[in-house]
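Q: I have not looked at this structure before. Could you take me through it, starting with the overall fold and then the empty spaces?

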Amino acid sequence: MRIALLALLMILPTGPAMAGETWTVTRADPSALSQKAPGRAVPDDIDGLPDGRVAINKDDGDIRAAWYEKPTTRYGHGILGDRVEARALVVRNRDGETVSLALPDNEVFEDLYPRLADLDGDGSTEVVTIRSSLSDGGSVTLYGLQDGRLVERASTGFIGLANRWLNIAGIDRFSGEDFLEIAYVRTPHIGGTLFLYRFADGRLSKIASLHGFSNHQIGSRELRLSAIADLDGDGRMELALPSDDRATLRIVGLGKDGLSERASVPLPARIDKAMSVSGSGAKTRFTVGLDDGSVYVVTR
């Protein structure tokens, strides 16, 4: 009876941006959910983070890999399940040389792995990190190579309070233009707000925001509670991520009036695992794992 009721509840109209369409939720075998970790494990001979990963650049950029080093317990927030964060960022350049940058004593990388992307299309790779101040909370901070040194390129600025964190949801062409935008959820555990930022002319600028999201469970090592797809073939990528209680899958897109919700699909439990996406356009399939152990596929 419960499954039958859920099937009725989960065939929903999406809203004005995709009027007339419905989304369905179908229970799937747990094997349908891929939990492959990003990048590769930090080698044992590197002083890296527990569960830290090496980000690999798939493009021909000046930075080929990046990871965090120098574990520290100087920040007691513990949002990722322990109190071990990183004091240093390390990159490997195209010549195979490693370059590092150490943070001051009042900051840490409150993250498990960096992200690599040429955000502004200039041919140089930006390293996208979650950098936290012990007194002022988290920020998105970009680094890059300059004259053989690893330097800060830009930052959103810290949230403003200690023990306030953010989690990156995706990096893609949400505007459909040549720039790659960074999507992140600020304070995902206490009424999270989704932000889109663009890096251009040497600075990060906010282009849109929308309230009511969470892409992380307190204490979890899993940061990938989101997925990206172009649902209507217009070149603008849509972003799927949980609602603030993680019991609804919200799909949002960027239009001329900012971010708007394209669909809202309730689920029988809370999303707590890495989301995956397959197909494109009308055949897009989002696969979500829930905290009761079940797995569902969300389709149009």
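**Overall fold and internal spaces**

A: Please note that this is a predicted model. To begin with the contacts, 51% of those between residues at least 6 apart in sequence join residues at least 24 apart.

Q: How many helices and strands are there in the protein chain?
A: The chain contains one helix and 23 strands.

Q: And what are the dimensions of the box that the C-alpha atoms fill?
A: Taken along the principal axes, the box is roughly 60 × 40 × 35 Å.

Q: What radius of gyration would a compact globule of 300 residues have, and what does the chain have?
A: A compact globule with 300 residues would have a radius of gyration near 19 Å, and the chain agrees with this because its own value is 19 Å.

Q: What share of the residues is buried?
A: Buried residues account for 53% of the 300 in the chain.

Q: What about the accessible surface: how much of it belongs to carbon and sulfur atoms?
A: The accessible surface is about 13,100 Å², and 47% of it belongs to carbon and sulfur atoms.

Q: Let us turn to the pockets. What is the volume of the largest one?
A: The largest pocket has a volume of about 1,200 Å³. Its lining consists of 38 residues, and those nearest the centre are P38, K58, Y113, R115 and R224.

Q: Which elements give two or more residues to that lining?
A: They are β4 (53-56), β9 (115-117), β13 (166-172), β17 (227-229) and β21 (276-278). Of the elements, β13 gives the most to the lining of the largest pocket, with six residues.

Q: How does the pocket lining divide by class?
A: The lining of the largest pocket has 20 nonpolar residues, together with nine polar and nine charged ones.

Q: Now the closed spaces. How many cavities of 30 Å³ or more does the structure hold?
A: The structure holds one such cavity. About 40 Å³ of space lies in the largest cavity.

Q: Which residues line the largest cavity?
A: The lining is made up of F174, L196, M237, E238, L239, V252, G253, L254 and L259. The elements that give two or more residues to this lining are β18 (238-242) and β19 (248-255).

Q: Which element gives the most there?
A: That is β19, which gives three residues to the lining of the largest cavity.

Q: And the classes of the residues in the cavity lining?
A: Seven are nonpolar, one is polar and one is charged.

Key: Residues are numbered from 1 along each chain as its sequence is written. This is a predicted model: local features need pLDDT of at least 70, side-chain atom pairs count only at pLDDT 80 or more; totals for chains, interfaces and linings use all residues. Side-chain values use heavy atoms; hydrogens and water are left out. On a 1 Å grid over the protein atoms alone, a cavity is a set of points where a 1.4 Å probe fits but cannot get out, and a pocket is an open set with protein on both sides within 12 Å along at least five of seven lines; lining residues have an atom within 4 Å of a point. Grid points are joined across faces, edges and corners, and a volume is the space filled by probe spheres set on the points. Helices (H or I, at least four residues) and strands (E, at least two) are DSSP runs, numbered from the N terminus. Ala, Val, Leu, Ile, Met, Phe, Trp, Tyr, Cys and Pro count as nonpolar, Asp, Glu, Lys and Arg as charged, and the others, Gly among them, as polar. The radius of gyration is taken over C-alpha atoms; the globule rule is 2.2 Å times the number of residues to the power 0.38. Buried means under 20% relative accessible area, exposed over 50%, partly exposed in between (1.4 Å probe, protein chains only). Contact means heavy atoms within 4.5 Å. Accessible areas come from the Shrake-Rupley method with a 1.4 Å probe; for residues, only the protein chains shown count as cover.
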